[in-house]
Every structure is written in structure tokens, then in C-alpha cells.
Amino acid sequence: MARLDRLGEFFALDDDWVRPGGTVSRGDVLFTLAVVAASLFVLELMRALGGLVEIDAPRWQQWLYTAVPALFLLTRRRLPLTTVIGASIAYWAISTLEPLMASLLSTQIAYFLVILGGVAWARSRRAMAAVYAVVLFLMFLWLVWGIAVGQVLSDMVAASDPDAWVPATIAAPLMLGVINVLYFGGAVLGGQVAWRSARQRARLEQQTVTIREQTERLRESAVIDERLRIARELHDVVAHHVSGIGVQAAAARRVMDRDPEAAKGALARIEGGSRDAVTQMRGLLGTLRMRESPTGAVDHAPEPTLGDIAEMARARSGSGLTVVHELVEAREGDVEAVPASVGHSLYRTAQEALTNVTKHSTARTARVTVRVDAEHAEVEVTDDGRPRPGTSGTGMGQLGIRERVQSHHGSVEIGPRPLGGYRVRARIPLRSGGAR
């Protein structure tokens, strides 16, 4: 039973892969014609040397017996098993009618290639095994019949050497058996090797297609992610600076008559904020047109990080809103060790939270707290106000905050505080894949 299992494993009887059916190509036609021509040429060479004197068939029959086995090569890929059956019947008929014609080298080679092609091109491994089992069994019975009642051994025994160690009656059937085992076994093994090679190539091609499709999907996903990133950046930059400009402009208008210096300060902050907004927007738009330099480096403008939150908080203070910045580090210098991508996301989170305070809250005080330790980086923005009537937003800002933080496997808490005011808290792990 174990031997049958190993045999079935070698011939891949349980393999569902179907080799694509071959067509009768121009190459098959040329190859078949070349084999037919070569066989007929060898036949005439043998005639010239007297090798066909014992054959009684007329020349046209000799040509027919020589050409027919080679013609089966034409359909060995298109109809492999049918070709094997037809070639076996033709070989048996030629051997019965004119045994010497069946023993010609050209006939033997043609039939060998047909047997090999049947194994190599069969669509179903089970059907191939069944057909070959029947063909080989019948060939075995035919050989036994020829040895038992035919003239297969008579000539061999008659020409034997009386001084040989092995009796001719034993050596002759052994020799015929070895020749047939090598002949049919070699054809079957060669065909199976060819089939396995074709299956391996098909799998490699399928893997190549799969890898190409996955690469294309990853590329598309990267493009979409980059578009979302730029959209979030544009939203944060525009919302932050435009709201700041609005607040400072309102402050300048209120104090313009009674405190020109304060109005100048507000206008100066408007000027600085607008320039900063234009600079950041140019940087973002530049990434859409940016191409790598010949050295492979890309010139990106520096992006704000955790260390820039203090400056942003100072710029936000004034005109009715006081912004307090607080930094809590487990060790001095932890802020500088935070990866730039994490720091940038937390900066934008604080920026969006302060923008929402300015636009949608009555708060007079807001606190921005940055906490960093060995495991996490966190920013928390709280205020003491209430929602301002008629200023509800679209929710895109909070959605952007969640997307930014979740891209680093972090967590976000957004909502009213129990004792009044509002809180936005974002926490990003610095290990286990959080900082990317």
C-alpha cells in the first residue's frame, strides 16, 4: 500500500492542475515532417546496405510502415492520450504484419516520443495512469505471447554462444525484458519530468502574476494614503491659520482706535500667520510635483513636531484666549527622541484641537500638555468653555485626528469634560510598531 502511495505521489494523481491543451503548431508540423523525412532517408540507406532483403513487403508499404509511426508526433500535444492509443495500435499492427519494420530505429524513436508526450501533455493524471496501465499491460501480454508461441526467441537462441555463462533460453527473455523496461520506463519517466517542469513553470507564472497584482494594489493604496495625508495636512493648515487670522483681525478691529500698538501687534501676527500658511501650503503642493533628484534624495521642507507645539501655543494666545503649554518628560530630552512622524501627528492633533477651541468654544483658557516617556508620547488639549451656538463643524477635523493617531496604532479620546470644558487627548506608543 505504501508503494502505491509513493507511486501516486510521484505521478501526482491527486494533483488537480490541468496542463493547458497544446495546439498543432507550425513547429509540430515541421518537426513531424522532419522526422518522417529522416526516417525515410534512413530506410533507403538501410536498403542500399542490404538491410531490408528479408522484408517481403513492396517499397510503398515499407514507406508507409516507416512514415505512419512518425505521423503520430503531429498530435502528441493536442490529443496526447488518443495519440498514445492510436500509435500503440499502429505499432502492434506493424509488428504483426512486418516485424522487421517495427524494429527499425526510426520507428522505435517515434513511438518513444509519442509515449513520452502522452505523459507530458495528458490533461488528467488519473486518465493518463489508466490509459498507460492498459497499454503497458497489453504490451506485456503481447511480449509474453511472442516469447511463448512466436519466433521471438528462436533466432536469438540459434545465434547464441555455447560458451556463455548464462543459457540462451534464460538470457533471451531477460534481455527482452530489460530492453522493454528501459524503453517504456524511460519514456514514462521522461514524460513525467516534463509534466512536473511545466507545472512548476505555471506556478511560477501564477506567483508572478499574483505578486504583480499585489504590488499594483499596494501602489494604489500608497497613492490613496498619500492623498488622504495631504488632504489632512491642507485641512489642518488652512483651518488653523485662517481661524487664527480671523481672531487676530477681530482683535485688531476692536482696539484699532483706542490702542493702535495692540492693533499693530495683531496685524503683525496676521502677517506672520498668513506667510506661514502660504509656506506650508507650498510645501504640501510641492510634494505633488516633487521628483527625486539624481542622487535619489528628495528635498522636503521640515515638518513641525512636538518641539514646535510650544511656539504654536504662544502664537495662539491673545484676543480673549490664553493658551498654556506644559511639557512633562520622564527624562530630559525625551521629546527630541520621539520619531518625527509621531511628533508631526501629535502636533497636528494639538493644532486642530486649538483651532476647534477658537472656532467652536467660548473658552477663555486652553491648556496644551505634552507627556513623553519611554513607552508613549501624548498630547492633551483641554479648555474651560462651552460650545458656541451656531458654530457646529463638519467633523472632518476630528476624523483627521483619529486617522492620524490610528495610523500609529494609538488611541484618541475626544469629548466634553465632566466638570465643564472639552478635552482632546491623543496617545501613541513608541514601541511595538507604534512609531513608523
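Is the crossing of α13 and α14 left-handed or right-handed? Hold on to that one, and we'll get to it once we've walked through the chain. One thing to say up front: what you're looking at is a predicted model.

Okay, the overview. The chain has 436 residues, and 36% of them are buried. In terms of elements, you'll find 14 helices and 5 strands. If you take the contacts with a separation of 6 or more, 73% are between residues 24 or more positions apart. And the outside: the accessible surface comes to about 25900 Å², with 62% of that belonging to carbon and sulfur atoms.

Now let's go inside. The largest nonpolar core has 34 residues, and the ones touching the most other members are Met101, Tyr111, Ile115 and Tyr132. Which elements give two or more residues to this core? They are α2 (26-48), α3 (59-71), α4 (80-97), α5 (99-102), α6 (105-121), α7 (125-149) and α9 (168-255). There is also another core lying apart from that one, with 31 residues, including Ala353, Val357, Val405 and Ala426.

Let's zoom in on Met101. Leaving out residues up to four places away in sequence, Met101 touches Leu43, Ile55, Gln62, Tyr65, Thr66, Ile94 and Thr107. Pick Gln62 out of that list. Gln62 sits in helix α3, and is it buried or exposed? With a relative accessibility of 2%, Gln62 counts as buried, because the cut-off for that is under 20%. Its own contacts, again skipping residues up to four places away in sequence, are Leu43, Arg47, Leu52, Ile55, Ala57 and Met101. So Leu43 and Ile55 turn up in the list for Met101 and in the list for Gln62.

Next, helix pairs. As background, two packed helices are described by the angle between their axes and the distance between the axes. Start with α4 and α6, whose axes come within 8 Å and cross at roughly 155 degrees. That angle makes α4 roughly antiparallel to α6, because anything over 145 degrees counts that way. The crossing of these two is left-handed. Where do α4 and α6 touch? On the α4 side you have Pro80, Leu81, Thr83, Val84, Ala87, Ser88 and Tyr91. Facing them from α6 are Thr107, Gln108, Tyr111, Val114, Ile115, Gly117, Gly118 and Trp121. You may recognise Tyr111 and Ile115 from the core we just talked about.

Now jump along the chain to helix α11, residues 309-316, and helix α13, residues 340-360. Their axes come within 10 Å and cross at roughly 10 degrees. That makes α11 roughly parallel to α13, and α11 passes α13 in a right-handed crossing. From α11, the residues involved are Ile309, Met312 and Arg316. They meet Leu346, Tyr347, Ala350, Gln351, Leu354, Thr355 and Thr358 in α13.

Helix α13 has another partner, and this is where my opening question comes back. The axes of α13 and helix α14, residues 396-406, come within 10 Å and cross at roughly 165 degrees. That makes α13 roughly antiparallel to α14. And the answer is that the crossing of α13 and α14 is left-handed. The contact uses His344, Ser345, Arg348, Thr349, Glu352 and Asn356 from α13, and Gly397, Gln398, Ile401, Arg404 and Val405 from α14. Val405 is also one of the residues in that other core.

Let me finish with a few single residues. Follow the chain past α14 and you get to His409, in the loop between α14 and β4 (411-416). What is the phi of His409? Phi there is near 60 degrees, a positive value in a residue other than glycine. For context, most residues other than glycine have a negative phi. His409 is exposed, with a relative accessible area of 52%.

Another exposed one is Lys264, at 53% relative accessible area. Lys264 belongs to helix α10, residues 260-289. C-alpha to C-alpha, Lys264 and Ala252 are 7.3 Å apart in space, with their positions 12 residues apart in sequence.

Last stop, Arg203, in helix α9. Arg203 is partly exposed, with a relative accessible area of 41%. Try finding Trp17 from there: Arg203 and Trp17 are 186 residues apart in sequence, while their C-alpha atoms are 9.7 Å apart in space. That's my tour, thanks.

Technical notes:
Residues are numbered from 1 along each chain as its sequence is written. This is a predicted model: local features need pLDDT of at least 70, side-chain atom pairs count only at pLDDT 80 or more; totals for chains, interfaces and linings use all residues. Side-chain values use heavy atoms; hydrogens and water are left out. A nonpolar core is a set of buried Ala, Val, Leu, Ile, Met, Phe, Trp, Tyr and Cys residues joined through side-chain atoms within 4.5 Å. Buried means under 20% relative accessible area, exposed over 50%, partly exposed in between (1.4 Å probe, protein chains only). Helices (H or I, at least four residues) and strands (E, at least two) are DSSP runs, numbered from the N terminus. Contact means heavy atoms within 4.5 Å. Accessible areas come from the Shrake-Rupley method with a 1.4 Å probe; for residues, only the protein chains shown count as cover. Axes are lines fitted to C-alpha atoms, for helices over the stretch in contact, and angles run from 0 to 180 degrees between N-to-C directions. Angles under 35 degrees count as roughly parallel, over 145 as roughly antiparallel, 65 to 115 as roughly perpendicular and the rest as oblique. A crossing is left-handed if the near helix is turned anticlockwise from the far one by less than a right angle, and right-handed if clockwise.
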